[in-house]
Amino acid sequence: ENGTKESPSPVSSVAESKEQNEQCRFVSEGFSNTVYCVHDAESTIGSRSGFLAIKSLNDMCFDEEKSVSRLENEYTISMHLASQCSSVRSALLLSEFDGLPAIYLEWVNGITLSKWIHSFHRKGASSPSAGNSNDRFPSIFEHEMSVILQLACDISRALSEIHCAGSIHNNFTPNNIIIGDIDGSDNYAVKVIGLGSASLLTDDSETFLKIQRDILSLGLVLFEMFTGKCPFKEDNDNDFCSEEKAIECKAILSQNQLISTLTARAPLPLAKLILNLMGVEGLTPCHRSAKDVVIELKQMLSNLESLMLNSGEQTALGLLHFPRDKLYGRDSHVTKLMDACSRIGAPGEAKMVLISGYSGVGKSSIVEHVKRKLNERKIHFISG
């Protein structure tokens, strides 16, 4: 019933309709497609795990032709990559589901990297030592750094596999990376999904530039992993755009914000690597491939103790630190007030000093500064 009228959908023998929750479970919905998890116990479609991921068009799709083209492209690229990349799941069928165009893929257990990042940093923020003001890395300690570095290495290796197999992802984001536990250990299985925008590499002059765009995206992913912060500026105008379109429109945080946020959380050599991948101005690009990134991350992992040795004393770069209680450019005003106060109790007529100026120029700051100096001279200060 849920397939085309000419020929029933192949999944009809697995789940007659998506309302059958015991066999078909809703997973997520985007701007143009919906994802379901379907039980395929008898391997009707050919799944090895007994479960299928079905991605079909939905009612929100406003450009059906383009969306169908993306589904077909994801199927084609997945077929191309699955036999060469352990990090890409198999595409099993290009057909229909519930009367709508759909692709059938091997189901992958796990959560998106976005959810993993949120959980990882929330757990770190709630740890007993997270509130220690002397701790420059409140959410990443040596053990956690080992875990996240290994995961960063595995994610970079997954992207390297895709490139070596002759493809570009073109939409490499935390939402398109699935992280799965391996026997409850600190090791994770990485799968790359969301290949609708992917393309095959050709022997043209733009190949290097295309790879570099993926590597820039890898830098953005690593930034979010190690900081728990989104590298993009907030823009509510993009809330009603597809993920791919929103990413194109989003502006990355300022260079100063990127540097200060990252160096406050990650050891300097690691921060420099990530900033280099993100193309921060002033750093010479030195990673021609994702494989180069894997090699450098593995070196850091093998020298973790040395990497973390001085991280506790590391000061976040890119931040301006102004000493509290210090005034700038107000010496003459402070001197006049202090001179006036030094004449308190002296014979003669009473005098008054008025301080004028627009709101926010620092009148109260000057008075507070003078107050502290008056306390040193045992002169009482009264306010009200």
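# A tour of the sheets and helices

Begin at Ile111 and find its bridge partner, Ile179, which lies in strand E8. The model you are looking at is predicted. Two bridges join E6 to E8, and these two strands run antiparallel.

Now select the whole sheet around that pair. It is an open sheet of three strands, in the order E6-E8-E9, with antiparallel pairing. Its edge strands are E6, residues 111–112, and E9, residues 188–192; each of them pairs on one side only. Add helix H3 to the selection: H3 packs on this sheet and touches E8 and E9, and the direction of H3 makes about 35° with that of E9.

**The loop before E8**

Stay close to this sheet and select His169. The residue sits in the loop between strand E7 (167–168) and strand E8 (177–181). Is His169 buried or exposed? With a relative accessibility of 0%, His169 counts as buried, because buried means under 20% relative accessible area. Show its neighbours next. Leaving aside residues up to four places away in sequence, His169 touches Asn176, Val192, Ile193, Gly194, Leu195, Ser197, Ala198 and Asp214.

**H3 and H4**

Asp214 leads to the next stop, since His169 touches Asp214 and Asp214 in H4 is also among the residues where H3 and H4 meet. Select helix H3, residues 142–164, together with helix H4, residues 207–227; their axes come within 11 Å and cross at roughly 165°. The two helices are therefore roughly antiparallel to each other. H3 passes H4 in a right-handed crossing.

To see the contact, show the side chains on both helices. From H3 come Met145, Ile148, Leu149, Leu151, Ala152, Ile155, Ser156, Leu159 and His163; they meet Ile211, Asp214, Leu218, Leu222, Met225 and Phe226 in H4. Sorted by class, this contact has 12 nonpolar, two polar and one charged residues.

**H3 and H8**

Keep H3 selected and replace H4 with helix H8, residues 290–302. Here the axes are 8 Å apart and the helices pack at an angle of about 160°. H3 and H8 are therefore roughly antiparallel to each other. Their crossing is left-handed.

Which residues make this contact? On the H3 side they are Ser146, Leu149, Gln150, Ala152, Cys153, Ser156, Arg157, Leu159, Ser160 and His163. On the H8 side they are Ala290, Lys291, Val293, Val294, Leu297, Lys298, Met300 and Leu301. By class, the residues of the contact of H3 with H8 divide into 10 nonpolar, five polar and three charged. Several H3 residues belong to both contacts: among them, Leu149 and His163 meet H4 and also take part in the contact with H8.

**H4 and H7**

Return to H4 and add helix H7, residues 268–277. The axes of H4 and H7 come within 7 Å and cross at roughly 140°. That angle makes H4 oblique to H7. H4 passes H7 in a left-handed crossing.

At this contact, Ile215, Leu216, Gly219, Leu222, Phe223 and Phe226 in H4 meet Leu270, Ile274 and Leu277 in H7. The classes here are eight nonpolar, one polar and no charged residues. Leu222 and Phe226 of H4 meet H7 and are also listed in the contact with H3.

**The five-stranded sheet**

Next, go back toward the start of the chain and select Cys24. Its bridge partner in E2 is Val38. E1 and strand E2, residues 33–39, pair in the antiparallel sense over five bridges.

Extend the selection to the full sheet. Five strands form an open sheet in the order E1-E2-E3-E5-E4, with antiparallel pairing. Which strands stand at the edges? They are strand E1 (24–29) and strand E4 (91–97); each has a single partner strand, so one side of each is left without a neighbour in the sheet. On average, neighbouring strands of this sheet are turned by 25° against each other, direction ignored.

Now add helix H1, residues 64–82. H1 packs on the sheet and touches strand E3 (51–57), E4 and strand E5 (100–106); the direction of H1 makes about 20° with that of E5.

**The whole chain**

Finally, clear the selection and view everything. The protein has 11 helices and 10 strands. Of its 384 residues, 41% are buried. Among contacts between residues at least 6 apart in sequence, 65% join residues at least 24 apart.

Methods: Residues numbered from 1 in each chain as written. Predicted model: local features only at pLDDT ≥ 70, side-chain atom pairs only at ≥ 80, totals over all residues. Heavy atoms only, no water. Axes fitted to C-alpha atoms, helices over the stretch in contact; angles between N-to-C directions. Helix = DSSP H or I, 4+ residues; strand = E, 2+ residues; numbered from the N terminus. Parallel < 35°, antiparallel > 145°, perpendicular 65-115°, else oblique. Left-handed = near helix turned anticlockwise from the far one by under 90°. Contact = heavy atoms within 4.5 Å. Nonpolar A, V, L, I, M, F, W, Y, C, P; charged D, E, K, R; others polar. Buried < 20%, exposed > 50% of the residue type's maximum accessible area, 1.4 Å probe, protein only. Pairing = 2+ DSSP bridges.
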